[in-house]
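User: Please take a close look at one helix in this protein and tell me how it sits in the fold. Some context on the rest of the chain would help too.

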Amino acid sequence: MEEMNDAITPFEERSDFNDVRSKVQEIKEQIGQIIVGQESMLELLIVALLSNGHVLLEGNPGLGKTLTARLMAQSLFCHFGRIQFTPDLMPSDVIGTAIFNMQTSSFEFKKGPIFSNIILIDEINRAPAKTQAALFEVMEERQITVDGHTYQLEDPFMIIATQNPIEMEGTYRLPEAQMDRFFFKIKVDYPSFDEEFGILKIHHMQKSSGDTFTISPVLTPSSLASFKRKLKSVILEDNILHYITKIVQATRHHRDIVIGASPRASIALMTGGKTLGMIRGRDFVIPEDIIDLAIPVLEHRITISPEKEMEGVTPSQIIEYLLQSIEFPR
C-alpha cells in the first residue's frame with residue numbers, strides 16, 4: 001500500500017494550468033467574435049501552436065481560412081507574414097536569395113518572406129513540386145540552408161497553409177513527405193444556417209462602422225515559450241502510449257490502406273494529446289484527447305487503395321473504423 005501511495009503524485013505537487021487555460025479562452029473569445037462556428041478549428045490551431053506544429057487548412061474558397069490564420073497571428077505579439085503560392089512561384093521567392101553587393105564585392109543573403117513568426121501560405125497546392133520542396137527543411141528543422149550557410153528561424157515559428165480541394169482546377173497534389181510535416185490537417189466545411197446568419201450580422205456591423213477585422217494580442221513570445229515548457233509536466237501513462245501505438249500501427253496493417261502513418265504521426269498524437277489536456281485545464285492525458293486528435297493527425301498521413309477511393313471511401317472513415325476496433329484504455 002505504501003508503494004502505491006508513493007507512485008501517485010501528491011495533489012499539492014500537481015501542475016496548475018489555469019493560466020494556460022485562461023489565455024487560450026481569451027484567444028478563443030476574441031477570434032470567436034469574428035469567426036463564427038469554428039470552435040474545433042480554433043482549438044486545433046492553438047494545440048498546434050503550443051506543440052511547435054504546422055497546420056494545413058483545407059476547404060473551398062470563401063470559408064474564412066485566410067482570415068482565421070491572420071487573426072490567429074494577431075493574437076500573438078509577433079511578426080506575421082503571408083505568401084501567396086502561384087504556379088510561377090520559385091523557391092527563392094519563399095526562402096530568399098543571394099544578391100551581389102557592388103560595394104563589398106560579395107554576395108549577401110536577402111531573406112525571403114518565410115523569415116517571420118506566423119506564416120500564412122495561401123493556396124499552397126497551387127505551386128509546383130520544386131517550390132513545395134523548398135519548405136521541407138524549414139518545416140522540419142526550422143532553418144534554411146543557402147549556399148552552404150544555415151540560417152535559423154526565430155521562435156515562435158508556425159506555418160498555417162490553406163489549400164483548395166485537389167479536384168479544383170489548377171491545383172497540385174502535395175508530396176507525401178510534405179504532408180507528413182503538417183501536424184494537423186483541418187477540413188473547413190460550410191457553415192450552418194445559424195452560423196451563416198451570424199457571419200452576415202458581423203460583416204454588416206463591421207462594414208457599417210468602417211472597421212477592419214482585428215483583435216488585440218494576448219500572448220507574448222516569452223509567455224508562449226513558458227507554456228510550451230509546461231508540457232513536460234503533463235502526465236502521460238503507459239496505457240495511453242500503448243493506445244497511441246496501437247492506433248498508428250493499425251494504419252500500417254489495414255487492407256484498404258496502401259501507405260500507413262509514420263512514427264512522426266505517433267509523436268504528433270502524443271504531443272498533441274498532452275497539449276490538448278493542458279489547455280483544457282488538466283495535467284494528464286485521457287483517451288478522449290487522443291480520439292479527438294486522431295483524424296486531424298492521421299487523415300493526411302495515410303493513403304487508401306485506389307479501389308476504395310473510387311468507391312468513395314475517405315481516410316477519415318477508415319480512421320473512425322480503426323478507433324472503434326481498438327480496445328479503449330481503462
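Analyst: What follows looks at helix H13, then at the whole protein, and then at a few backbone details.

The model is predicted. Helix H13 covers residues 287-298, which makes 12 residues. At 1.5 Å a residue a helix of this length should span 16 Å, and the C-alpha atoms at the two ends of H13 are 16 Å apart, so the length agrees with the expected value.

Which residues of H13 are buried? They are Pro287, Asp289, Ile290, Leu293, Ala294, Pro296, Val297 and Leu298. An α-helix has 3.6 residues a turn, so residues three or four places apart point the same way. The list of buried residues in H13 includes Ile290, Leu293, Ala294 and Val297, and it also holds a charged residue type, Asp289.

The buried residues of H13 pack against five elements: helix H3 (39-50), strand S9 (184-187), helix H11 (238-251), helix H12 (263-279) and helix H15 (315-325).

Now the setting. The protein has 15 helices and 11 strands. Its radius of gyration is 21 Å, close to the 20 Å that the globule rule gives for 330 residues, so the protein is as compact as a globular protein of that length. The C-alpha trace spans about 75 × 50 × 50 Å along the principal axes. Of the 330 residues, 47% are buried. Among contacts with a separation of 6 or more, 77% are between residues 24 or more positions apart.

The accessible surface comes to about 17300 Å², and carbon and sulfur atoms hold 53% of that area. On the charge side, there are 32 positive and 45 negative side chains, and the centres of these two sets lie 3 Å apart.

Three loops carry backbone details. One follows H3, a packing partner of H13: asparagine 52 lies in the loop between H3 and strand S1 (55-58). Asparagine 52 has a positive phi of about 60° although it is not a glycine, and at 36% relative accessibility it counts as partly exposed.

Arginine 142, in the loop between helix H7 (136-141) and strand S6 (143-146), also has a positive phi, near 55°, and is likewise not a glycine. With a relative accessibility of 17%, arginine 142 falls under the 20% cut-off and therefore counts as buried.

The third loop runs between strand S7 (149-152) and strand S8 (158-163) and contains proline 156. The peptide bond joining aspartate 155 to proline 156 is cis, with omega about 0°.

Methods:
Residues numbered from 1 in each chain as written. Predicted model: local features only at pLDDT ≥ 70, side-chain atom pairs only at ≥ 80, totals over all residues. Heavy atoms only, no water. Helix = DSSP H or I, 4+ residues; strand = E, 2+ residues; numbered from the N terminus. Expected span 1.5 Å × (residues − 1). Buried < 20%, exposed > 50% of the residue type's maximum accessible area, 1.4 Å probe, protein only. Contact = heavy atoms within 4.5 Å. Rg over C-alpha atoms; globule rule 2.2 N^0.38 Å. Areas by Shrake-Rupley, 256 points an atom, 1.4 Å probe, with all protein chains shown as cover. Charge placed at Lys NZ, Arg CZ, Asp CG, Glu CD.
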